[in-house]
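Work through the exercises below with the sequence and the model side by side. Each task is followed by a stepwise solution.

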Amino acid sequence: MCLHSHFYQPPRENPWLEAIELQDSARPYHDWNERITAECYAPNAVARILNDRGRIKKIVSNYSRISFNFGPSLLHWMEHNEHGVYQAILAGDVESQKRFSGHGSALAQVYNHIIMPLAHEHDKHIQVRWGIRDFRHRFGRHPEGMWLAETAVDIPTLEVLAEHGISFTILAPHQARRFRRLETKDWQRVSSRGIDPSMAYRAELPSGRSINLFFYDGPISHAVSFGRLLHDGRAFAERLVEGFSDDRNRSQLVHIATDGETYGHHHSRGEMALAYALDYIEEHQRAQITNYGEFLENHPPAYEVEIWENTAWSCAHGIGRWKEDCGCHSGLHPHWHQRWRQPLRKALDWLRDEVNERFLPAGHQIFEDAQAAQDDYISILLDRSEENVADFFRRHAQRALCPSQQVRALKLMEMMRHSLLMYSSDGWFFDDISGIETVQILQYAGRVVQLAQELFTVPIEPEFLLRLQKAESNIPEHDNGAVTYRKFVRPAMVDLPKVGAHYALSSLFTKYEREDTIFCYRVESQSRKEMTAGRVRMVIGWAHLASQITQEALPLSYAVLHLGNHDLQSGVRLHKREEHEELEENLTHAFQRADLLEVSRLLSNHFSHATYSLKTLFRDEQRKILNLIIDDTMADIELNYRRIYERHAPLMHFIKHLDVPQPEPLRTAVEFVLNADLIRALASPPPLDLEHVKRVLDEVKHWDVRLDRSAIDYQLERSMEAMVDRWENEPENVEHILDLSAAVQLGEWLPFPVKLGVAQNLFYDLLHGLYPEAKHKGGESAAQWKEAFLTLGEALNIESGV
């Protein structure tokens with residue numbers, strides 16, 4: 001038995017910042033990657049298995065027992081933002097090699113999830129090469145298998161996989177056309193139910209190469225993804241076992257393939273059902289858990305297969321979902337059309353051809369072999385250090401390059417990288433061209449346009465927009481692809497002056513080091529002067545800014561005037577020493593005279609159209625500054641609500657005594673105050689003041705207040721993490737255990753469960769690490785520690801075995 005999980009998230013990085021900006025729809029998390037990590041990727045590394053009494057008897061890593069692949073962009077994000085989870089995934093693959101005869105369970109993936117049959121031939125090779133290089137960088141071995149985006153397949157794609165040493169891939173059962181026993185002539189057509197999924201098959205390719213294919217069990221996979229199987233781990237296990245058949249007189253493989261997010265994100269606690277099912281099957285010897293590599297070694301294919309080309313697992317019309325209005329959609333807007341898909345793809349194909357035509361001549365002026373350099377550019381994506389970039393140029397440049405030539409070379413590489421990223425499959429999967437996934441690939445296209453116009457001084461954007469006009473939106477205000485591009489892509493574009501404006505504006509609220517970074521840009525401050533008069537502040541200075549991606553650099557002068565609240569005015573322009581010194585002198589004199597009109601006039605005249613405001617800031621810093629500005633306002637609002645609550649509390653008690661509903665203004669006041677009090681109490685440094693928390697909760701109960709569950713839950717989770725971190729650093733400190741035990745009791749007082757996952761994980765590790773030795777220690781302090789530890793285990797619902 002083998003269960004495969006395809007873990008993947010649509011790319012969400014701002015192409016100009018190389019980072020995911022704040023996504024309000026993921027609240028209370030920063031973005032959807034962070035939220036889905038909390039709901040799925042992290043829980044699968046520490047999945048709970050419960051005993052018959054509902055207590056935790058095991059905490060296991062599903063990654064060590066399933067087959068899985070992760071999208072490279074998701075792993076890159078995780079490496080830098082959720083490093084513990086990232087390491088747990090890598091460790092799961094290492095453990096799987098011990099479990100499955102040296103075969104790791106991790107598979108590679110085509111690099112940025114493009115529909116391979118629709119890709120340009122060279123792009124096919126890059127997707128596979130980059131996917132392999134990324135995998136080897138992370139997992140330290142060559143991948144045996146590779147996941148194809150949406151399992152979209154054709155013969156040229158299989159040829160590329162085989163050429164690069166990929167042993168197998170996984171397809172849907174309806175993608176098999178016919179099969180025959182090896183070394184026989186007669187083919188058998190696959191019935192409408194799909195091919196027998198219980199064995200491996202071999203596909204012989206026109207080149208003389210071959211590749212192994214697995215076709216997953218469709219009905220069971222569908223039941224896991226869209227049914228209720230994950231509500232009961234034992235029922236899940238039994239349904240898997242039903243995949244075996246006594247009619248097959250041979251070894252059989254029951255295997256399924258689903259989106260990995262099924263286990264925890266789409267189905268809450270799905271990771272627990274997965275862990276329980278695997279444990280139950282092994283414990284009761286219902287089947288041998290394996291992975292594809294081990295199964296292939298023990299049971300090589302006895303049958304040859306031919307595929308239906310240009311098919312995928314998520315489109316009933318071949319691969320129409322990614323090129324035409326085939327009828328496939330999300331179901332959220334059943335009456336919408338998807339006629340925009342075809343003109344969108346044609347526009348991107350035109351843009352790709354335009355830049356490809358110019359790339360090779362321009363690249364051959366710099367590189368020995370421009371395509372070889374592009375193939376190897378993945379080495380820079382995995383390590384952008386100055387030393388590694390220098391090594392890249394030593395390997396590929398025709399000669400030593402001056403700084404401007406290096407910038408041009410890196411821009412060429414980035415242009416081609418983004419011309420790959422703009423084909424990520426999610427851009428066509430959903431319902432409208434103005435959707436966030438399609439806007440994302442249009443932003444990648446926008447980056448291609450920007451770089452191409454800088455490199456070749458050719459106005460590519462106008463023709464591109466003419467082609468996008470043919471992609472009609474279902475939403476009247478978005479009209480078509482060109483309007484969508486102007487609304488959502490152009491405002492997102494970034495250049496060095498815009499980064500300079502962000503630095504200048506945010507420097508009023510954020511303390512920067514002399515040398516610092518803003519996303520993927522380096523900033524080196526050369527001069528900064530700040531003046532204050534009451535609430536009014538002014539800053540003038542200049543700095544060197546450089547892209548860490550292309551190494552493009554500029555010296556920029558800036559000035560900022562803050563009149564209070566959200567009233568910010570700034571300007572940025574290329575630094576010229578004499579002009580900057582004159583401006584600084586004039587602004588200083590005007591500010592010292594409190595002549596703010598003159599200050600504003602000088603800014604406008606000097607910086608002309610290169611002026612910026614709070615709207616210009618990148619989203620995270622914008623929200624941070626806005627929150628600082630709003631804090632004063634919110635403090636005033638809270639003070640007024642608190643006065644209303646305190647002044648009218650006797651009347652509210654009388655109204656409650658009469659069993660009459662509270663007037664809405666009074667109810668609003670008490671809800672605002674008590675939610676603020678509770679969040680503030682939970683945000684205090686550890687240990688929590690539980691008596692104070694209890695008093696607030698008593699008031700909440702008395703007034704039947706509606707709690708802001710998401711905000712309180714999020715804050716409590718962060719506070720629990722802080723207490724667990726403190727205990728992890730001093731595991732033998734009994735006070736930390738007692739404080740944590742007291743905090744766990746909050747579950748008895750809150751109207752929703754407390755998330756105990758992080759505390760349970762540490763307790764379980766200590767139970768199997770520190771405790772076996774600690775329980776034999778003598779003395780009063782050791783006895784106190786043991787008692788406190790076991791009491792905490794009871795509160796955490798963990799079976800200690802003592």
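Helices (H or I, at least four residues) and strands (E, at least two) are DSSP runs, numbered from the N terminus. The model is predicted: local features need pLDDT of at least 70, side-chain atom pairs count only at pLDDT 80 or more, and totals for chains, interfaces and linings use all residues. Residues are numbered from 1 along each chain as its sequence is written, and side-chain values use heavy atoms, with hydrogens and water left out.

**Exercise 1. Backbone sign**

Task: Locate Q285 and N797, and state for each whether it is exposed or partly exposed.

Solution. Step 1: Q285 sits in the loop between α8 (270-283) and α9 (292-298). Its phi is near 50°, positive in a residue other than glycine. Step 2: Q285 has a relative accessible area of 72%. The classes are buried under 20%, exposed over 50% and partly exposed in between (1.4 Å probe, protein chains only). Q285 is therefore exposed. Step 3: N797 belongs to the segment after α30 (780-795). N797 is not a glycine either, yet has a positive phi of about 65°. With a relative accessible area of 29%, N797 is partly exposed.

**Exercise 2. Strand order**

Task: What is the order of the five strands in the open sheet?

Solution. Step 1: Apply the pairing rule, at least two DSSP bridges between two strands. Step 2: The order reads β6-β5-β4-β1-β12, with parallel pairing. Step 3: β6 (146-147) and β12 (255-259) are the edges; each has a single partner strand, so one side of each lacks a neighbour in the sheet. Step 4: Check one pair. β1 (residues 2-7) and β4 (residues 67-70) run parallel and are joined by four bridges. H4 is opposite S67 in β4.

**Exercise 3. Helix packing**

Task: How do α10 and α14 pack?

Solution. Step 1: Two packed helices are described by the angle between their axes and the distance between the axes. Step 2: α10 (residues 341-364) and α14 (residues 403-421) pack at an angle of about 150°, their axes 11 Å apart. Step 3: α10 and α14 are therefore roughly antiparallel to each other (angles over 145 degrees, on a scale from 0 to 180 between N-to-C directions). Step 4: Contact means heavy atoms within 4.5 Å. α10 contributes V355, N356, F359, A362 and G363, and α14 contributes R408, L412, M413, M415, M416 and S419.

**Exercise 4. Cis bonds**

Task: Where do P28 and P687 lie?

Solution. Step 1: P28 is in the loop between β1 and α1 (32-41). The R27 to P28 peptide bond is cis, omega near 10°. Step 2: P687 is in the loop between α23 (664-682) and α24 (690-703). P686 and P687 are joined by a cis peptide bond, omega about 0°.

Notes. Parallel < 35°, antiparallel > 145°, perpendicular 65-115°, else oblique.
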